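Here is an informal walk through one protein model, from a spot on its surface to a few places inside. Have the structure open as you read.

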Amino acid sequence: MWHWLRSALRSLRGSPAAAPHGGGGRPPAAMERAVVRCVPSEPKLSLRFVLPDGSARHMQRDQAEPLGRALARIATNAAKGHGKAGKKSKKARAEGGAEGEAAVPAVRLFSRDGAAVAEEVPNAAAWQDGAVLHIGDARYRVERNPPALTELSLPRSLLAGFPVCPKVSAEFAAPQHCLFRWFREQGPAGGGEAAGEAWVETAAAERVFTPSNALVGLRLKLRCTPGDGEQRYGPAREVESSSPVEAGPGACTFDARHLYTKKVCGHGSVRAVSYNILADAYAQTEFSRTVLYPYCPPYALEIDYRQNLLKKELAGYSADLICLQEVDKSVFVDSLAPALDAFGLEGLFRIKEKQHEGLATFYRRDKFSLLSQHDIAFSEALISEPLHKELSEQLAKYPLVQEKVVQRSSVLQVSVLQSTTDPSRKLCVANTHLYWHPKGGNIRLIQSAVAMSHIKHVACDLYPSIPVIFCGDFNSTPSSGTYSFISSGGIAEDHKDWISNGEEERCSMSLSHPFKLLSACGEPAYTNYVGGFHGCLDYIFIDRNALEVEQVIPLPSHEEITTHQALPSVSHPSDHIALICDLKWK
């Protein structure tokens, strides 16, 4: 198969071609390439080609400029190149030619059907794919916007048994249409004269590669050829891993859960995941290492190590919706988005105000399309949006609480999705991470009220009667006012959480919302398990009028969670546990 593909790529890059009709002269032995990059949103196009003397040319021309001017410039460049070559030629001087002088070659452009392109045609319309450029006797096949890689990189940490997901960015191409070839070192670096120099191709030809235990100690190399899905391929690029494959941790807490999620569920169902993945910004502090997670080896708190576990865990859930909290921006861009893209998931990111981490929502591309996004920052929305005017006026009676609410950086991510197979089925997917402080129950109630009002605006006003799925780390146990408010539809002004931080910060008000929401995964004993605390803080709330639970994927056993005392650990990447459930429309 690879021999066939290599042959096809060679033919695309430079196969023999007859001269176009009216082109005159004898056909060249092989066509050179003239690569044109022309994007409508940019004023100029670029043209790259190599002259017969071997000098490369890169030109920028206005897209609206007449072709004749561009051809004249090419002719001048070609003459200069020939003149410079002539300066070095003793034979040319001996024949009496003026030093540095050269005849200006004839330069013309022919369309792919052989007709000469008129010189008054604008550049943007003239330089079409498959056209042939003549520069004297030389012939160049025009490749307009050919597939090209703009970035290709591998993760810094590679573990045996864990998927290696390259970051692939391309122009005029898509990762799913690229060709991938994986190689391993012949032997470990430093293990002999030839070690680390020769590469052996592996059997894998997929975008994601999972190294076996046999590759521990060896580095990997990836060769990627960009493609556009229309049998056009660009030049390949290679990247080598910066470090060798290391041994994995063995059994992980999510291995047994994957037995329930081997396949994507059918189009009538939705598998949803909610997971606080522990931001690197919080895992790498001295306080985290010595006070919060002293039982976790420092290497297992490193983001590169945890990302290996996290990518394997999330990919194995075969989810349709994934709502993540505490997502570092760099982790989303460089790790999670490329990895989950390879497994068919599109990602959306919303950073917290004045923070380096935020929320991410992923949805399965072949089941959903994105209709709209309606993200907000709680503090900003409360102050500036008319929707929350009544709540804002009530809160103004309690300036101490108001100040704390406004200072918080918490955000709400809201995405409206539409089924790709049944356009009548839409979902309002909300994702949040509420204020963390144990005494901040009153703050979380206000944040929840803003969230429910905003979700009501989206799911009742903008898209009437669409079902709601509300995921997140609510930092609230089932006995809290926030949980009661969201699940019951209201909260009384005398609830104990209004004085969660003492009488001086009392904030009493009656709140309500119109939804009938159910915690799809119930009330587990805990979703957060660290040395000094364990409790249920995370939920997937669903619209019980429109959705029902098909199955809840069991959480890891207490024995699995406590194998290494608490979370995170060498076998679990976060201090929280993912919630997973299969839902279906009623």
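Start on the outside: Phe287, Val291 and Leu292 make up a nonpolar surface patch, and together they offer about 270 Å² of accessible area. Keep in mind that this is a predicted model. Of that trio, Leu292 sits in helix H7, which covers residues 286-292. Leu292 has a relative accessibility of 35%, so it counts as partly exposed, the class between the 20% and 50% cut-offs.

Now zoom out to the whole protein. It has 586 residues, and 51% of them count as buried. The chain is built with 16 helices and 29 strands. Its accessible surface comes to about 25900 Å², with 51% of that belonging to carbon and sulfur atoms. As for how the chain comes together, take the contacts between residues at least 6 apart in sequence: 70% of these join residues at least 24 apart.

Here are three residues side by side, with their elements and accessibility.

| Residue | Element | Relative accessible area |
|---|---|---|
| Leu292 | helix H7 (residues 286-292) | 35%, partly exposed |
| Gln413 | strand E19 (residues 411-419) | 0%, buried |
| Ile491 | strand E22 (residues 490-491) | 6%, buried |

Gln413 is worth a click. With a relative accessible area of 0%, Gln413 falls under the 20% cut-off and therefore counts as buried. What does its side chain reach? The side chain of Gln413 gets to the backbone oxygen of Leu348, at 3.2 Å. Leaving out residues up to four places away in sequence, Gln413 also touches a list of others, including Phe349, Arg350, Asp375 and Asn431.

Next comes helix H14, residues 441-462. How far apart should its ends be? At 1.5 Å a residue, its 22 residues should span 32 Å, and the end C-alpha atoms are 30 Å apart, so the two values agree. Is H14 enclosed or open? Because 16 of its 22 residues are buried, the helix is largely enclosed by the rest of the structure.

Finally, look at Ile491 in strand E22. At 6% relative accessible area, Ile491 is buried. Setting aside neighbours within four places in sequence, Ile491 is in contact with Leu445, Gly481, Phe485, Trp498, Met509, Ser510 and Leu511. Which separation goes with Ile491 and His513? These two are 22 residues apart along the chain, and their C-alpha atoms are separated by 9.5 Å.

How values were computed: Residues are numbered from 1 along each chain as its sequence is written. This is a predicted model: local features need pLDDT of at least 70, side-chain atom pairs count only at pLDDT 80 or more; totals for chains, interfaces and linings use all residues. Side-chain values use heavy atoms; hydrogens and water are left out. Helices (H or I, at least four residues) and strands (E, at least two) are DSSP runs, numbered from the N terminus. Buried means under 20% relative accessible area, exposed over 50%, partly exposed in between (1.4 Å probe, protein chains only). A polar contact is a pair of N or O atoms within 3.5 Å; within protein, one must be able to donate a hydrogen and the other to accept it, and residues adjacent in sequence count only if both atoms are side-chain atoms. Contact means heavy atoms within 4.5 Å. The expected span of a helix is 1.5 Å times one less than its number of residues. Patches are made of residues with over 30% relative accessible area and no salt bridge: like charges are joined within 9 Å, nonpolar side chains (Val, Leu, Ile, Met, Phe, Trp, Tyr) within 5 Å. Accessible areas come from the Shrake-Rupley method with a 1.4 Å probe; for residues, only the protein chains shown count as cover. A salt bridge is a side-chain nitrogen of Lys or Arg within 4 Å of a carboxyl oxygen of Asp or Glu.
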